[in-house]
Amino acid sequence: MAPTTAAAAEHRPSPLSREVRRWRALRRMSQLELAALAGTTQRHLSFIESGRSAPGRAMVVRLAESLALSLRERNALLLTAGYAPAYEESPRDGAAIEPAMNALRSILTGHLPYPAVVAGPRGELVLANAAFEVLTEGAAARLLEPPVNVLRLALHPEGMGPRVVNLAAWGRHVTESLRARAAAHPDGGLDALAAELAGYLPAGAPPGPDHLGFAVPLRLRTGGGELRLLTTLTSFATAVDVTLAELHLEAFLPADPETAELLRRRAAARGAAPAG
């Protein structure tokens with residue numbers, strides 16, 4: 001016997017069920033895998049994805065966590081389910097995250113004489129230390145007007161691009177990292193930025209002898225000589241504020257003693273006190 005119209009409508013997939021299915025497919029997880037991570041049964045998850053069951057707020061949060069969604073994406077999933085967001089989104093100059101921003105400023109200062117920046121999710125510059133000037137040397141003024149995008153600055157032909165000795169290899173590392181982030185957390189803005197940056201790169205070559213293990217050093221020409229720099233990325237893994245969770249600190253480290261000495265000399269010339 002065919003289901004009544006009312007029964008069919010009752011089981012019609014909801015916006016939430018479609019979102020859960022979309023994220024599960026993106027993460028390449030089976031219903032059984034996701035259910036186990038979220039602490040529920042495959043049957044219950046199947047009912048959620050078909051629209052036969054409306055999960056409570058706690059279950060939506062557990063599904064979002066199990067799908068490794070960002071805090072912004074978790075809030076969006078909660079809103080789709082009809083619940084209020086779970087995570088605040090403070091302004092960057094707000095009192096709520098001022099202690100964390102002060103901590104970042106201290107880290108930037110402590111990293112001298114080596115450059116370090118704090119950037120937002122699409123590469124927008126938030127904070128930088130005094131050694132950042134080695135990265136902006138010779139860049140077009142328009143690229144240094146707020147909001148500065150450090151990813152665009154790094155590869156643009158009017159930015160660092162002409163000074164990067166290994167632009168093809170290092171630039172590919174930058175664009176592939178950006179594409180990987182966009183694949184894990186779909187964002188049209190990231191896709192557009194990755195496509196723009198890829199257009200600044202020459203035809204790439206396979207990894208060469210300038211690779212240090214698994215790391216791709218940035219080889220950067222400066223007025224005082226060539227720098228060889230490695231980069232590290234740090235984020236607030238336990239943040240419960242959307243703004244803070246989306247920030248990351250990129251610190252540049254010397255890959256050889258010559259680079260360390262050159263950066264110490266630049267710091268002394270600026271009148272900065274180099275870190276030991």
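Here is a quick tour of the sheet, the helices and the main pocket in this structure. Keep in mind that this is a predicted model. Its 5 strands make an open, antiparallel sheet, and its largest pocket has a volume of about 1,000 Å³. Let's take the sheet to begin with, then the helices, then the pocket.

**The sheet**

- Reading across the sheet, the strands come in the order 2-1-5-4-3.
- Strand 2 (125-128) and strand 3 (218-222) sit at the edges with a single partner strand each, so one side of each has no neighbour in the sheet.
- Going from one strand to the next, the twist averages 30 degrees.

**How the strands pair up**

- Strand 1 (residues 116-119) runs antiparallel to strand 5, and 4 bridges link the two. As an example, alanine 116 has alanine 251 in strand 5 as its bridge partner.
- Strand 5 also pairs with strand 4, again in the antiparallel sense, over 7 bridges. Here threonine 234 is matched with leucine 249 in strand 5.
- Strand 4 is joined to strand 3 by 5 bridges, and these two run antiparallel as well. Leucine 220 stands opposite leucine 227 in strand 4.
- The link between strand 3 and strand 4 is a hairpin that goes through 2 residues.

**Helices to look for**

- Helix 7 (residues 98-110) packs on the sheet, where it touches strand 1, strand 2 and strand 5. Its direction makes about 50 degrees with that of strand 2.
- Helix 5 (residues 57-66) and helix 6 have axes that come within 10 Å and cross at roughly 145 degrees. The crossing is right-handed.
- Where these two helices meet, helix 5 brings Arg57, Val60, Val61, Ala64 and Glu65, while helix 6 brings Arg74, Leu77 and Leu78.
- Sorted by class, that contact has 5 nonpolar and 3 charged residues, with no polar ones.

**The largest pocket**

- The pocket of about 1,000 Å³ is lined by 43 residues, and the closest to its centre are Gly120, Pro121, Arg181, Glu246 and His248.
- Several elements give two or more residues to the lining, among them helix 6 (71-80), helix 9 (150-155), helix 12 (242-245), strand 4 (225-235) and strand 5 (248-254).
- Helix 10 gives the most to the lining, with 6 residues.
- By class, the lining divides into 25 nonpolar, 10 polar and 8 charged residues.
- Strand 4 and strand 5, then, pair with each other in the sheet and also help to line this pocket.

Key. Residues numbered from 1 in each chain as written. Predicted model: local features only at pLDDT ≥ 70, side-chain atom pairs only at ≥ 80, totals over all residues. Heavy atoms only, no water. 1 Å grid on protein atoms, 1.4 Å probe; cavity = no way out; pocket = protein on both sides within 12 Å on 5 of 7 lines; lining within 4 Å. Points joined across faces, edges and corners; volume = space filled by probe spheres on them. Helix = DSSP H or I, 4+ residues; strand = E, 2+ residues; numbered from the N terminus. Nonpolar A, V, L, I, M, F, W, Y, C, P; charged D, E, K, R; others polar. Pairing = 2+ DSSP bridges. Axes fitted to C-alpha atoms, helices over the stretch in contact; angles between N-to-C directions. Contact = heavy atoms within 4.5 Å. Left-handed = near helix turned anticlockwise from the far one by under 90°.
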